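Let's take a friendly walk through the pockets and cores of this structure. Have the sequence and the 3D view ready, and follow along.

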Amino acid sequence: QNAKHSSNFVGLVKDFLSQIVTYPKTLLYEIEEALGEDIADVLSQIHTPLLILWGKHDDLTPVEEAFLMQKYNSHATVAVISGNHDWLKQHPEKLTEKVVQFAKYL
């Protein structure tokens, strides 16, 4: 039973990460719609360390959007990855690297 739940959770995480990388604006819009709130309000209510990962050369969602999100949350850290919008698909090892670096300072 736990293996089935674990497998479902892994699938959800993979889907979520794929959506973040592929359609970040759509995902943020969907989150706003689901919560019925402005995403700025949601970000300002997160009181734990938050890592925002962004592609430096993202041609769909400019890197400035990451820094705008950071303005709404004093606990947020922006990590800019050299790559474009789909950097995670091309270099998934960078995700692990940045998360481990971030976690070291928690």
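A good place to begin in this predicted model is the second largest pocket, with its volume of about 220 Å³. It is lined by 14 residues, and L28, E32, I39, E65 and M69 are the ones closest to its centre. Three elements, α2, α3 and α4, each give two or more residues to this lining, and α2 has the largest share, with four. By character, the lining of the second largest pocket splits into nine nonpolar residues, four charged and one polar.

Now turn to the largest pocket, which holds about 700 Å³ of space. Here 25 residues form the lining, and F16, I20, L51, I52 and L53 lie nearest the centre. At least two lining residues come from each of α1 (2-22), α2 (24-35), α3, β1, α5 (87-90) and α6 (92-104), while β1 gives the most, six residues. Nonpolar residues account for 22 of this lining, alongside two polar and one charged.

From the pockets, let's move to the packing. The largest nonpolar core is made up of 11 residues: I39, V42, L43, L50, I52, W54, V63, A66, M69, A76 and V78. Two or more of these come from each of α3 (39-44), β1 (50-55), α4 (64-71) and β2 (76-81). Apart from this core there is another, with seven residues, including A79, I81, L88 and L95.

Some residues link the two parts of the tour. I52 belongs to the largest core and is also among the residues nearest the centre of the largest pocket. I39 and M69, likewise members of that core, are among those closest to the centre of the second largest pocket.

Methods: Residues are numbered from 1 along each chain as its sequence is written. This is a predicted model: local features need pLDDT of at least 70, side-chain atom pairs count only at pLDDT 80 or more; totals for chains, interfaces and linings use all residues. Side-chain values use heavy atoms; hydrogens and water are left out. A nonpolar core is a set of buried Ala, Val, Leu, Ile, Met, Phe, Trp, Tyr and Cys residues joined through side-chain atoms within 4.5 Å. Buried means under 20% relative accessible area, exposed over 50%, partly exposed in between (1.4 Å probe, protein chains only). On a 1 Å grid over the protein atoms alone, a cavity is a set of points where a 1.4 Å probe fits but cannot get out, and a pocket is an open set with protein on both sides within 12 Å along at least five of seven lines; lining residues have an atom within 4 Å of a point. Grid points are joined across faces, edges and corners, and a volume is the space filled by probe spheres set on the points. Ala, Val, Leu, Ile, Met, Phe, Trp, Tyr, Cys and Pro count as nonpolar, Asp, Glu, Lys and Arg as charged, and the others, Gly among them, as polar.
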